[in-house]
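Open the model in your viewer and keep the sequence panel beside it. The stops below say what to select next and what is there.

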Amino acid sequence: MASTASDLVKLPELTESTVLENLRKRYAEDLIYTCVGDILVTLNPFKLLPIYTPEVLERYMTEDGASQAPHIFKLADRAYHKMMDTGKGQAVIICGDSGAGKTEAAKCLMQYLVHCSATDAGDDIDCSESQEADLSQRLLLANVLLEAFGNAKTLRNNNSSRFGKWTEIGFDASGKMIGGSVVPFLLEKSRVVSQ
């Protein structure tokens with residue numbers, strides 16, 4: 001199989017067919033992340049891949065950004081460090097069709113930010129792991145509770161969110177995560193109580 005471009009901007013010819021062929025080849029190799037400049041394109045593998053382990057997370061925290069392959073952790077790292085460098089809030093927009101993996105992407109993003117903020121804030125490792133787990137658990141459990149009220153079985157997904165979520169995470173000046181909120185906004189009412 002010919003090599004593929006991890007950034008679609010680097011394709012020699014940028015047409016619909018070359019983009020789709022590049023994505024198809026990457027997907028066949030379980031390379032589900034591809035960049036288009038600053039945009040991250042994700043294709044749902046519909047299976048578990050070993051790309052979210054603590055070792056992978058640590059690698060994205062410690063290696064130079066330019067040498068890293070496209071990944072949700074790389075995107076989270078760039079947003080976090082841009083926030084720290086400029087002192088200004090950053091936004092990540094996650095969008096896609098039903099079953100695309102938006103909720104999982106948000107969970108991975110939060111996992112990275114919680115870990116990164118605890119590490120950068122200089123917490124000692126034993127303390128940061130428990131604080132990180134506690135705050136992360138609270139944010140992720142809020143997600144689960146919202147899903148219990150707002151998800152429904154669809155033709156494409158057995159547990160499809162029927163609402164959008166605005167998730168906001170607060171950091172102090174040292175980069176330590178200090179809180180967060182999840183605000184749902186209802187998009188569809190028809191499938192909340194029945195398929």
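A residue counts as buried under 20% relative accessible area, as exposed over 50%, and as partly exposed in between, using a 1.4 Å probe and protein chains only. This is a predicted model, in which local features need pLDDT of at least 70, side-chain atom pairs count only at pLDDT 80 or more, and totals for chains, interfaces and linings use all residues. Residues are numbered from 1 along each chain as its sequence is written, and side-chain values use heavy atoms, with hydrogens and water left out.

**Whole chain**

Start with the cartoon of the protein chain, which has 5 helices and 6 strands. Helices (H or I, at least four residues) and strands (E, at least two) are DSSP runs numbered from the N terminus. Along the sequence, their pattern is α-β-β-α-α-α-α-β-β-β-β. Of the 195 residues in the protein chain, 33% are buried. Now switch on the surface: the accessible area of the protein chain is about 12000 Å², and carbon and sulfur atoms hold 57% of that. Such areas come from the Shrake-Rupley method with a 1.4 Å probe; for residues, only the protein chains shown count as cover. Contact means heavy atoms within 4.5 Å. Among contacts in the protein chain with a separation of 6 or more, 48% are between residues 24 or more positions apart.

**Phe163**

Select Phe163 in strand 5, which covers residues 163-171. Is Phe163 buried or exposed? Phe163 has a relative accessible area of 9%, so this residue is buried. Add Pro184 to the selection: Phe163 and Pro184 are 21 residues apart in sequence, and their C-alpha atoms are 6.5 Å apart in space.

**Asp30 and Phe46**

Go next to Asp30, in the loop between helix 1 (16-28) and strand 1 (33-36). Its phi is near 60°, a positive value in a residue other than glycine. Most residues other than glycine have a negative phi. With a relative accessible area of 31%, Asp30 is partly exposed.

Phe46 lies in the loop between strand 2 (39-42) and helix 2. Phi of Phe46 is also positive, near 55°, and Phe46 is not a glycine. The relative accessibility of Phe46 is 64%, so Phe46 counts as exposed.

**Thr42**

Step back to Thr42 in strand 2. Thr42 is partly exposed, at 36% relative accessibility. Which residues does Thr42 contact, leaving aside its neighbours within four places in sequence? They are Ile32 and Tyr33. For a distance across the sequence, pick Lys102: Thr42 and Lys102 are 60 residues apart in sequence and 9.4 Å apart from C-alpha to C-alpha.

**Helix 2 and helix 3**

Finish with helix 2 (residues 54-62) and helix 3 (residues 72-86), which pack at about 40° with their axes 9 Å apart. Axes are lines fitted to C-alpha atoms, for helices over the stretch in contact, and angles run from 0 to 180 degrees between N-to-C directions. Angles under 35 degrees count as roughly parallel, over 145 as roughly antiparallel, 65 to 115 as roughly perpendicular and the rest as oblique. Helix 2 and helix 3 are therefore oblique to each other. Show side chains to see Val56, Leu57, Tyr60 and Met61 of helix 2 meeting Phe73, Lys74 and Asp77 of helix 3.
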